[in-house]
4 protein chains.
Amino acid sequence: MTEKLNEHVRGVYIIAATPFEDDGALDLASTDRMVDFYLESGVNGMTILGIMGEAPKLTPDEQQSFMKRVFARTAGKIPVIVGVSNPGTNNLAAFAHSAMDAGAAGVMIAPLGGLKTEEQVVNYFAETLRILGPDVPVVFQDYPQVTGVPVSVPTLRRVFDDHPQIVMLKHEEAPGLRKLTQIRAWPDQGGRRISILVSNGGLHLPQELRRGADGAMTGFAYPEMLVEVCRRFFDGDAEGAEDLFDVYLPVVRHEQQAGIGLAIRKEILRRRGVIGSATVRAPGPKLNRDDHVELDGLMARLDARLRR
Amino acid sequence: MTEKLNEHVRGVYIIAATPFEDDGALDLASTDRMVDFYLESGVNGMTILGIMGEAPKLTPDEQQSFMKRVFARTAGKIPVIVGVSNPGTNNLAAFAHSAMDAGAAGVMIAPLGGLKTEEQVVNYFAETLRILGPDVPVVFQDYPQVTGVPVSVPTLRRVFDDHPQIVMLKHEEAPGLRKLTQIRAWPDQGGRRISILVSNGGLHLPQELRRGADGAMTGFAYPEMLVEVCRRFFDGDAEGAEDLFDVYLPVVRHEQQAGIGLAIRKEILRRRGVIGSATVRAPGPKLNRDDHVELDGLMARLDARLRR
Amino acid sequence: MTEKLNEHVRGVYIIAATPFEDDGALDLASTDRMVDFYLESGVNGMTILGIMGEAPKLTPDEQQSFMKRVFARTAGKIPVIVGVSNPGTNNLAAFAHSAMDAGAAGVMIAPLGGLKTEEQVVNYFAETLRILGPDVPVVFQDYPQVTGVPVSVPTLRRVFDDHPQIVMLKHEEAPGLRKLTQIRAWPDQGGRRISILVSNGGLHLPQELRRGADGAMTGFAYPEMLVEVCRRFFDGDAEGAEDLFDVYLPVVRHEQQAGIGLAIRKEILRRRGVIGSATVRAPGPKLNRDDHVELDGLMARLDARLRR
Amino acid sequence: MTEKLNEHVRGVYIIAATPFEDDGALDLASTDRMVDFYLESGVNGMTILGIMGEAPKLTPDEQQSFMKRVFARTAGKIPVIVGVSNPGTNNLAAFAHSAMDAGAAGVMIAPLGGLKTEEQVVNYFAETLRILGPDVPVVFQDYPQVTGVPVSVPTLRRVFDDHPQIVMLKHEEAPGLRKLTQIRAWPDQGGRRISILVSNGGLHLPQELRRGADGAMTGFAYPEMLVEVCRRFFDGDAEGAEDLFDVYLPVVRHEQQAGIGLAIRKEILRRRGVIGSATVRAPGPKLNRDDHVELDGLMARLDARLRR
């Protein structure tokens with residue numbers, strides 16, 4: 001059994017893809033291979049069934065069988081966070097408890113799309129956590145580009161203050177550098193220290209680490225870069241971390257395109273032998289010939305620079 | 001077995017609420033009572049598991065058991081449409097087929113939230129209907145206030161032209177009077193005649209009927225008004241239809257408030273003895289004391305005017 | 001010279017249209033007639049150059065000449081508020097000062113479109129009022145349907161607490177009944193009493209008055225209804241007020257349609273002999289034949305009911 | 001006098017900043033220096049008073065005096081495009097004509113914020129160009145991230161087909177790579193060849209050039225990079241172009257952050273001696289100490305890589 005998530009987590013939590021066969025069926029063999037790949041890349045944890053994990057396109061049965069397969073394969077070697085956002089709070093809570101029972105270190109919840117004011121965000125978390133109960137560690141996913149719900153720092157502060165069980169922020173508002181600095185300053189202002197893992201493919205990772213991020217929670221298809229950048233940074237070599245990052249930046253930027261980005265990410269994982277098919281379930285993007293040629297070029301350029 | 005939905009449908013398709021117990025559990029006894037109430041009010045059809053039916057807050061098992069209870073109770077007396085919108089197209093198709101197997105007259109699909117351009121709407125329906133197959137009659141739900149996906153008349157035309165299985169428009173863009181006129185003109189422009197049922201609680205029903213609507217698909221808590229207004233109008237008494245409508249307009253307008261409206265509608269149904277509890281599942285609104293007092297006043301005023 | 005705006009204002013502040021000739025030129029003769037009409041209808045004040053006044057479609061010179069004509073005609077008989085929202089704060093402040101110099105009772109400011117979080121709203125007003133100076137009374141226009149900036153009650157409270165010069169709320173979030181009750185409760189919670197005038201054509205005016213609104217600031221083309229409803233209500237005859245309101249409700253609802261509503265309003269004013277042309281400047285709606293026939297019907301029905 | 005804009009334009013059109021003094025006053029001396037700097041960097045054209053030029057925060061008089069200063073300094077050496085987007089079409093047209101009279105090569109128009117459907121976009125351009133007249137060359141600015149108006153390729157095609165005077169697309173939907181390929185294919189599908197200049201700081205410039213872009217119209221603070229990347233690419237050295245681009249990519253990405261990006265861009269221009277102050281007019285961002293330190297690091301890293 002893994003430890004529960006807490007405010008001091010540091011490092012890389014990889015956002016896992018959900019592998020499908022070419023025909024869209026869940027691909028559990030690839031799931032095993034993908035978990036092994038992530039473990040070998042040195043990540044500190046894993047997050048499954050998030051937005052990039054296509055969770056809402058799985059049936060509840062598929063969610064359970066994918067989740068159990070991941071837990072079986074990670075076998076407690078690293079903590080696993082399970083995304084549980086759901087339009088119905090009862091469904092959210094039921095799935096969260098089944099995840100915790102299966103061995104999750106915590107669950108991730110984003111403000112529900114459609115919340116209009118920040119007071120509604122505060123109330124949403126209050127009611128959701130009342131129904132969920134206080135024993136489940138929670139990651140607050142702050143991703144207004146997708147949820148349509150911007151949350152300012154004072155509102156985040158209030159939600160974190162009200163609910164000690166929320167221990168981590170998945171920080172993916174963009175731009176978000178100043179926000180990160182402001183949240184990191186909470187302990188100097190009578191507030192809590194929380195774990196902050198950054199996202200958006202790591203597009204601003206070196207700057208975010210310098211501003212106090214604890215690491216990254218994102219699904220970039222070369223997780224070894226994320227791991228090594230964080231390692232160098234926390235070993236005191238910020239410039240070396242950024243040097244390595246910059247080598248990968250052209251691909252980070254390319255994979256970070258909204259919508260099509262998930263198809264690119266899965267295709268890179270496929271080309272790297274991690275998963276058997278790059279299929280994204282409908283509705284979702286598929287790469288065409290131009291997209292493939294473009295990716296050929298970017299991956300070849302990356303390989304060339306890594307060889308230098 | 002009921003007939004399948006077609007382009008010539010006229011009248012009132014009531015949007016059914018999904019009744020819950022005070023504790024949020026599905027209330028199947030109230031479901032029976034509600035179906036009876038709708039049948040007695042004279043509606044021509046029923047739509048279940050739409051946005052106002054809180055479908056995404058049910059588990060798949062609950063959706064099945066609610067759906068089967070409704071089919072058992074309607075017993076083929078009126079056609080039933082089932083809302084099947086879903087973030088995953090495979091889930092959408094599977095549920096649609098189970099609904100058709102259970103006796104549905106058709107299914108209702110809204111453009112998925114997050115579609116950005118109208119070309120994406122065209123492609124979304126093309127792919128969804130390819131996966132669904134051509135034999136399922138479809139209602140296009142045009143509700144940009146909730147989906148965030150505005151669709152112009154030429155795009156609607158293209159989608160309807162491309163897919164003969166889409167036979168009905170749930171027309172609920174607001175404002176929408178001109179749009180209705182433009183769609184009704186399609187047959188004069190080489191296009192199809194489709195069934196157009198209007199929504200938004202019927203807020204502009206008399207004007208919409210005059211512009212060519214075939215009736216209403218909405219969930220106003222006094223369905224007998226919708227039925228009688230349509231009956232008078234189609235019997236040639238447009239002014240009498242509007243006279244009756246205007247008596248109810250203060251309540252129509254009040255129930256038509258976004259968000260809180262569903263709680264008001266369920267409370268009116270509860271007060272009328274139709275359902276046992278006004279509970280809306282979380283996240284969702286609850287009426288407070290002020291809201292109740294306000295509703296008391298509006299219902300009392302309606303009763304007084306009806307008695308006159 | 002009129003008194004400056006304060007927290008105790010009550011009654012009807014009519015939102016004035018800006019009359020144009022058929023060719024779009026500013027129509028100052030109609031402006032005089034319109035001011036006279038509003039004065040005769042018994043309104044307590046007037047607001048010019050708001051969103052419904054097409055202010056951003058005037059040149060600065062036109063704004064000045066319209067404004068001066070209005071001030072010349074009102075001649076201090078009623079207070080006039082001037083809308084000054086502007087993408088540039090320096091432009092906003094310069095125009096606000098010219099309005100105050102010309103005799104305005106206060107200015108109206110909406111949160112700038114594009115503000116994403118409520119903290120940004122707080123900061124926007126802080127910076128804007130710093131540049132504007134403390135001597136100009138301000139109306140906060142809370143109209144998220146148009147600005148795209150929802151503001152929750154705690155944020156409104158903070159902005160009003162921070163800036164005593166903001167004395168009035170133009171309340172037009174919809175739905176907004178609960179919000180109104182919450183704001184009205186501020187004095188019981190250590191906060192200020194502010195003037196709250198409701199909008200949205202007055203669509204929920206009777207309910208809003210019962211919840212504590214001080215009146216209406218809206219541009220309904222029959223201002224005499226707004227005046228009489230408020231008069232009856234504040235004279236203790238809430239039911240009589242609502243009776244009168246309900247007679248006009250079909251037209252209120254029709255005029256309240258977004259976009260086309262302004263063309264309808266101007267056309268009613270034209271038919272009533274108030275302005276010479278219903279022209280809305282481009283880009284803007286124009287009524288077509290169907291729209292005119294529809295309006296004929298609604299106005300005839302209203303006349304018939306008033307004659308009864 | 002410069003030539004008018006046409007469909008065959010290629011190269012870099014720099015988006016000019018509007019320089020202000022520390023106190024926010026228009027800085028015409030810096031304007032001269034900035035124009036010289038852009039000319040020396042080798043750009044092929046210039047665009048002024050766009051969204052990044054803070055046009056809506058200038059008074060009409062300031063717009064005129066800035067515009068005239070730019071024309072005096074460019075002295076016909078390069079074509080200048082003037083942004084004329086405006087909430088009022090009469091204002092738009094009047095300013096466009098004054099720009100053409102002053103020597104502009106064309107004007108740039110974005111779909112007005114608030115347009116909801118793509119049919120409305122079509123109608124907006126039809127009416128605007130009718131009022132503007134057919135002799136003014138127009139750039140269509142496709143920037144849904146800011147305007148909130150997404151426009152699909154078929155709609156763009158229709159607008160370009162309907163209006164030969166629209167000769168260029170400022171392509172800045174993101175992601176936008178596929179869109180670019182689709183538009184470039186128009187001539188093979190019976191459509192027009194138009195000039196396509198890409199934006200978003202050039203974040204995907206190498207990929208966009210490979211997909212057929214004619215160059216860039218963006219305001220990156222190192223215009224010499226944009227110029228040299230385009231030169232290399234059109235000379236047949238796509239890999240060399242991308243090599244150079246990748247050196248600047250960390251700064252491109254940093255400057256490309258929404259909102260704060262303009263302050264970063266102006267600060268880089270200030271540090272490079274181009275403008276006297278980095279002031280952005282209110283409402284607008286100001287860099288704080290952390291932001292400056294961060295920028296120090298990124299600029300130092302760029303210098304170091306350029307020296308290698």
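Which residue forms a salt bridge with A:Glu54, and how many Å apart are the closest N and O atoms? The partner is A:Lys57, and the closest N and O atoms of the two residues are 3.3 Å apart. Before going further, please keep in mind that this is a predicted model.

**Salt bridges within chain A**

Let's stay with that first pair for a moment. A:Glu54 has a relative accessibility of 2% and counts as buried. A:Lys57 is buried too, with a relative accessible area of 10%. The cut-off behind both labels is under 20% relative accessible area.

A second pair in chain A joins A:Arg271 and A:Asp296, whose side chains meet at 2.8 Å, N to O. A:Arg271 belongs to helix 11 (residues 260-271) of chain A, while A:Asp296 sits in helix 12 (residues 289-307) of chain A, so this salt bridge ties together parts that are 25 residues apart in sequence. A:Arg271 counts as partly exposed at 28% relative accessibility, and A:Asp296 also counts as partly exposed, at 39%.

Some general chemistry fits here: side chains of opposite charge can pair when their charged atoms come close. Over all chains, the structure holds 127 salt bridges.

**A pair that crosses between chains**

C:Asp243 and B:Arg301 meet through their side chains in a salt bridge of 2.8 Å, N to O. This pair runs from helix 10 (residues 238-255) of chain C, where C:Asp243 lies, to helix 12 (residues 289-307) of chain B, where B:Arg301 lies. C:Asp243 is partly exposed at 39% relative accessibility, whereas B:Arg301 counts as buried at 14%. Elsewhere, salt bridges that share partners join A:Arg210, A:Glu239, A:Glu242, A:Asp243, A:Asp246 and D:Arg301 into one network.

Here are the three described pairs side by side.

| Salt bridge | N to O distance |
|---|---|
| A:Glu54 and A:Lys57 | 3.3 Å |
| A:Arg271 and A:Asp296 | 2.8 Å |
| C:Asp243 and B:Arg301 | 2.8 Å |

**How chains A and B are related**

What operation superposes chain B on chain A? A rotation of 180 degrees with 0.0 Å of shift along its axis does so, with an RMSD of 0.0 Å. That is the relation of a two-fold axis. Within chain B, the C-alpha nearest the axis belongs to B:Pro60, at 4.1 Å from it. As for the interfaces, 100% of the interface residues of chain B are also interface residues in chain A, so the copies meet through the same surface.

**Helix 2 of chain B**

Helix 2 of chain B covers residues 60-74. Its 15 residues reach 21 Å from the first C-alpha to the last, close to the 21 Å expected at 1.5 Å a residue.

Which residues of this helix are buried? They are B:Glu62, B:Gln63, B:Phe66, B:Met67, B:Val70, B:Phe71 and B:Thr74. Seen down the axis of helix 2 of chain B, these buried residues fall within an arc of 160 degrees, so they line one face of the helix. The general geometry helps here: an α-helix has 3.6 residues a turn, so residues three or four places apart point the same way.

The cover over the buried residues of helix 2 includes helix 1 (28-41), strand 2 (45-48), strand 3 (80-83) and helix 3 (89-102) of chain B. On the face turned away from the buried side are the exposed residues B:Asp61 and B:Ala72. After helix 2 comes B:Ala75, whose phi is positive, near 50 degrees.

**Three single residues**

UniProt, in an unreviewed entry, places the feature "binding site" at A:Met217. This residue lies in strand 8 (residues 215-218) of chain A and is buried, with a relative accessible area of 0%. Leaving aside neighbours within four places in sequence, its contacts include A:Tyr13, A:Thr47, A:Met108, A:Lys170 and A:Ser199.

C:Pro164 is found in the loop between helix 6 (153-162) and strand 6 (166-171) of chain C. With a relative accessible area of 59%, C:Pro164 is exposed. Not counting residues up to four places away in sequence, C:Pro164 touches C:Glu7 and C:Arg192. Its C-alpha is separated by 8.6 Å from that of C:Pro137, 27 residues apart along the chain.

Finally, D:Asn91 lies in helix 3 (residues 89-102) of chain D and counts as buried at 14% relative accessibility. Apart from neighbours within four places in sequence, D:Asn91 is in contact with C:Pro56, C:Lys57, C:Leu58, C:Thr59 and D:Asn86.

Note on methods
Residues numbered from 1 in each chain as written. Chains lettered and ligands numbered in written order. Predicted model: local features only at pLDDT ≥ 70, side-chain atom pairs only at ≥ 80, totals over all residues. Heavy atoms only, no water. Least-squares fit on C-alpha atoms with pLDDT ≥ 70 in both. Contact = heavy atoms within 4.5 Å. Helix = DSSP H or I, 4+ residues; strand = E, 2+ residues; numbered from the N terminus. Expected span 1.5 Å × (residues − 1). Buried < 20%, exposed > 50% of the residue type's maximum accessible area, 1.4 Å probe, protein only. Arc of directions from axis to C-beta. Salt bridge = Lys/Arg side-chain N within 4 Å of Asp/Glu carboxyl O. UniProt positions renumbered as here; feature names shortened; annotations may be inferred.
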